[in-house]
Amino acid sequence: MGNFFVDPDITKAYTIHSDFYTLEKYWEESKEKIFACTWQFTGDTDDLRIAGQLLPQFMLPGFLDEPLLYVRDKSDAVHCLSNVCTHRGNLLIENACTAG
């Protein structure tokens with residue numbers, strides 16, 4: 001157990017032992033090895049319609065709780081940034097708003 005390797009050859013597939021679904025250690029390990037390094041749907045660009053809009057969200061709330069900040073810039077591009085100050089470690093923005 002603890003091997004998160006998935007063989008691309010489907011003929012080598014096998015059922016995961018039930019411990020994977022019931023033991024806390026695998027739950028915690030799966031956060032980093034499965035969910036933190038894969039694409040996750042976190043929102044819709046319709047929530048950011050105006051240039052300068054800032055939208056704070058958490059990726060997988062109650063699971064990863066990764067603070068994200070979505071921004072629509074002046075050229076109409078949407079960016080996803082960390083919503084944590086690298087100096088103080090605090091959230092940058094707690095509520096949706098518009099910046100200049």
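**Notes on helix α2 and the aromatic pairs**

1. F20, Y21 and Y26 come together as one aromatic cluster. Rings of Phe, Tyr and Trp (its six-membered ring) pair here if their centres lie within 6.5 Å; planes under 30 degrees apart are stacked, over 60 edge-to-face, and the rest tilted.

2. A word on the basis: this is a predicted model, with local features needing pLDDT of at least 70, side-chain atom pairs counting only at pLDDT 80 or more, and totals for chains, interfaces and linings using all residues. Numbering runs from 1 along each chain as its sequence is written, and side-chain values use heavy atoms, leaving out hydrogens and water.

3. The structure holds four aromatic pairs. In one of them, F35 and F63 have ring centres 4.9 Å apart and planes at 90 degrees, so this pair is edge-to-face. F35 belongs to helix α2 and F63 to the loop between β1 (53–59) and β2 (66–72), so the pair ties together parts 28 residues apart in sequence.

4. Buried means under 20% relative accessible area, exposed over 50%, and partly exposed in between (1.4 Å probe, protein chains only). F63, at 14% relative accessibility, therefore counts as buried, whereas F35, at 30%, counts as partly exposed.

5. Now for α2 itself (helices are DSSP runs of H or I, at least four residues; strands are runs of E, at least two; both are numbered from the N terminus). Y26, S30 and K31 are buried in this helix. Seen down the axis of α2, its buried residues fall within an arc of 155 degrees, so they line one face; the arc is taken over directions from the helix axis to the C-beta atoms. On the other side of α2, E24, K25 and E32 are exposed.
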